[in-house]
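Visitor: Could you take me through the salt bridges of this model, with a close look at one part of the chain? I would like to see how the charged side chains pair and how far they are open to solvent.

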Amino acid sequence: MSAKHPVVAITGSSGAGTTSVMRTFEQIFRREQVNAAFVEGDSFHRHDRMGMKDEMTRAFAEGDHTFSHFGPDANLFEELEGLFRQYGESGGGRVRRYLHDEQEAAPYSQDPGTFTPWAELPGATDLLFYEGLHGAVVTEKVDVAQHADLLIGVVPVINLEWTQKLHRDKDKRGYSTEAVTETILRRMHDYVNYMCPQFSRTHVNFQRVPVVDTSNPFIARTIPTPDESMLVIRFKDPRGIDFPYLLSMLHDSFMSRPNTIVCPGGKMDLAMQLIFTPMLWRLLDRQGKTR
């Protein structure tokens, strides 16, 4: 794509590490003086927290055991595609925020788990930065992926993803192992049909692979650390990627395929800085916005 106003999208399921990736990009934007408009995928959920609980109860009563945040019925895919398209054409668009907790909700005098009203994006931004579940989603009705200039997938191998979700939901949200397991099973249909296909459309994928035993994630006592992991970085189009430079900068890295680098998990931030800074330069160069 060659949109006038670039759209960068980070796609990954909850617990995959997309928040850490967002922090890395914030550092890049500060260093390179890029004024980005940030959009969270949660703001394009169809229902607020209480509404989602009601919809899940209704779906379950009707025999639907697959209703989840991963699928189209729980999200505003048309509005998300509209935002990507409009921003690419004009640098504008309408967004809202999902208020996750008391701290986020306080400035708006709203309850946690609710949405702010829709509002126009601030003017004169250099690019749109999306972080969420569906930056590369395609269905029979929408094609969000076609409107993004840089698509990045962030996903751990499935057992690691489940381990991370179990620990997060139990420790931070007080859920039982049984409740989290039920959520994982309920999401599986939408995970297979709407999450996995996105990672074939992304330009770069980061997949964290543990090098410790995660055979049974439902009894894992700890989450494997970055140093107990390797990072598999796959480029959809390896042309223009300076692999010798990346290998020299990422100590103990190697190439497993002509388009794939493997490096220690603790080097994810450095790898992203090295890979995406020149990509952002090229995106902004098209419109004379580099500094």
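Guide: A helix, as the word is used here, is a DSSP run of H or I with at least four residues, and helices are numbered from the N terminus. In this predicted model, R58 and E55 both belong to helix α2, which covers residues 49-61, and they stand three residues apart, about one turn of the helix. Their side chains meet in a salt bridge, with 2.9 Å from N to O. As for accessibility, R58 is partly exposed at 36% relative accessibility, and E55 is likewise partly exposed, with a relative accessible area of 21%, a value that counts as partly exposed because buried is reserved for residues under 20%. The pair does not stand alone, since E55, R58 and E62 are linked in a network of salt bridges.

To place this part in its setting, a search of the whole structure finds 10 salt bridges. One of them joins the side chains of E120 and R94, at 4.0 Å from N to O. This pair links distant parts of the chain, with E120 in strand β6 (residues 119-120) and R94 in strand β3 (residues 94-95), 26 residues apart. R94 is partly exposed, its relative accessible area being 44%. Another salt bridge is formed by the side chains of R168 and D169, at 3.2 Å from N to O; here R168 is partly exposed at 23% relative accessibility, whereas D169 is buried, with a relative accessible area of 2%.

Note on methods. Residues are numbered from 1 along each chain as its sequence is written. This is a predicted model: local features need pLDDT of at least 70, side-chain atom pairs count only at pLDDT 80 or more; totals for chains, interfaces and linings use all residues. Side-chain values use heavy atoms; hydrogens and water are left out. Helices (H or I, at least four residues) and strands (E, at least two) are DSSP runs, numbered from the N terminus. Buried means under 20% relative accessible area, exposed over 50%, partly exposed in between (1.4 Å probe, protein chains only).
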